[in-house]
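Colleague: I am new to reading protein models, and I would like to learn how to do it step by step. Could you walk me through one?

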Amino acid sequence: MKVFAHRGFSGRYPENTMLAFKKAVEAGADGIELDVHLSADGEVVIIHDELVDRTTDGTGLVGSKTLAELKALDASAGFKGVYGKNEIPTLREYFEMIRDTKLETNIELKTGVDVYPGIEEKVLGLIDEFGLRDRIIISSFNHYSVMRMKALAPDMRYGFLEESWVIGMPEYAHKYGMDGVHPLFNVVDKDYMDMCHALGLAVNVWTVNTEADIRHMKELGIDISIGNFPDLARRIVG
Ligand code: G3P
Ligand code: MG
């Protein structure tokens, strides 16, 4: 089972910041999951919510602000003042950090509310500029967005995100040519695993944070466990 850090090492550092990404690497994560949106001037930025309110000292929509306006904010969220100022990173800055590592990245396209027309092309453009297609997994709750990107680059890995008890998810994901499914971890049991693996689908779950849950995912044969404490998962998984 591979260990991915959810929004970086977000259990101990401000989520989706370069600090959280660097700390995830230090903790021995195999990969990092991060969330992307587009700024008003078309830059791919890493932040979870559509609004900057929860994770920064600003207010308003990510998509209504220029990169310069976003960069002026402190994205330290609940860690304000503890680690100094932490900017909202661009996907380019993140790729510059990981380009010479073996780290894998699960890019979650946050196209569930604002579809950010053109975001798939922009994300792919950056992936290709850094030559990272083989180390990227694309996922989204917006399955149309996943399919748009898959049409642009069929040779990358793709997965549909789901957080409910949908019937037939493995067959559905297989039908649309996914490489994996990305369910909320509670949804997965042995039958679900068997169905996915019989169809050749990876099962990549989130957000697995406790020792008991990490052990349970390992026993089930999960492919990637995405969680906020990559140090804990690394210790358990070995
Ligand atoms: O990609 C897995 C997980 O991050 C999906 O939910 O809300 O944490 O982005 P969320
Ligand atoms: Mg996410």
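Modeller: Gladly! Let us begin with polar contacts: a polar contact is a pair of N or O atoms within 3.5 Å. Keep in mind that this is a predicted model. Here, an N or O atom in the side chain of His6 is 2.8 Å from an oxygen atom of ligand 1, so the pair falls within the 3.5 Å cut-off.

Colleague: Which other side chains have a polar atom at such a distance from an oxygen atom of ligand 1?

Modeller: Arg7 is one of them, with a side-chain N or O atom 2.8 Å from a ligand 1 oxygen. Asp35 is another, and its polar side-chain atom lies 3.2 Å from an oxygen of ligand 1. On its own, ligand 1 has 290 Å² of accessible area, and the protein covers 92% of that.

Colleague: Which residues surround ligand 1?

Modeller: The shell holds His6, Arg7, Glu33, Asp35, His48, Glu108, Lys110, Phe141, Leu161 and Trp206. By type, they split into 3 nonpolar, 2 polar and 5 charged residues.

Colleague: Now the metal. What are the protein donors of the magnesium ion (ligand 2)?

Modeller: To read a metal site, look for the atoms that act as donors. For the magnesium ion (ligand 2), these come from Glu33 (OE), Asp35 (OD) and Glu108 (OE), at 1.9 to 2.1 Å. Their spacing in sequence is E-x1-D-x72-E. Asp35 sits in strand 2 (residues 31-38) and Glu108 in strand 4 (residues 104-109), so this pair, 73 residues apart, links distant parts of the chain.

Colleague: Are Asp35 and Glu108 buried or exposed?

Modeller: The cut-off for buried is under 20% relative accessible area. Asp35 has 0%, so it is buried. Glu108 counts as buried too, because its relative accessibility is 5%.

Colleague: What should I look for in the backbone?

Modeller: Try the peptide bonds and the phi angles. Trp206, part of the shell around ligand 1, is joined to Thr207 by a cis peptide bond, with omega about -20 degrees. Thr207 belongs to the loop between strand 8 (202-205) and helix 8 (211-220).

Colleague: And which residues other than glycine have a positive phi?

Modeller: Asn16 is one of them, with phi near 55 degrees. You will find Asn16 in the loop between strand 1 (2-6) and helix 1 (18-26), and it is buried at 3% relative accessible area. Ala77 has a positive phi of about 45 degrees. Ala77 lies in the loop between helix 2 (67-71) and helix 3 (91-98), and counts as partly exposed because its relative accessibility is 30%.

Note on methods. Residues are numbered from 1 along each chain as its sequence is written. Chains are lettered from A and ligands numbered from 1 in the order in which they are written. This is a predicted model: local features need pLDDT of at least 70, side-chain atom pairs count only at pLDDT 80 or more; totals for chains, interfaces and linings use all residues. Side-chain values use heavy atoms; hydrogens and water are left out. A residue is near a molecule or strand if one of its heavy atoms lies within 4 Å of it. A polar contact is a pair of N or O atoms within 3.5 Å; within protein, one must be able to donate a hydrogen and the other to accept it, and residues adjacent in sequence count only if both atoms are side-chain atoms. Accessible areas come from the Shrake-Rupley method with a 1.4 Å probe; for residues, only the protein chains shown count as cover. Ala, Val, Leu, Ile, Met, Phe, Trp, Tyr, Cys and Pro count as nonpolar, Asp, Glu, Lys and Arg as charged, and the others, Gly among them, as polar. Helices (H or I, at least four residues) and strands (E, at least two) are DSSP runs, numbered from the N terminus. Buried means under 20% relative accessible area, exposed over 50%, partly exposed in between (1.4 Å probe, protein chains only). Donors are N, O and S atoms within 2.8 Å of the metal (3.2 Å for Na, K and Ca); water is not among the atoms, so sites may look incomplete.
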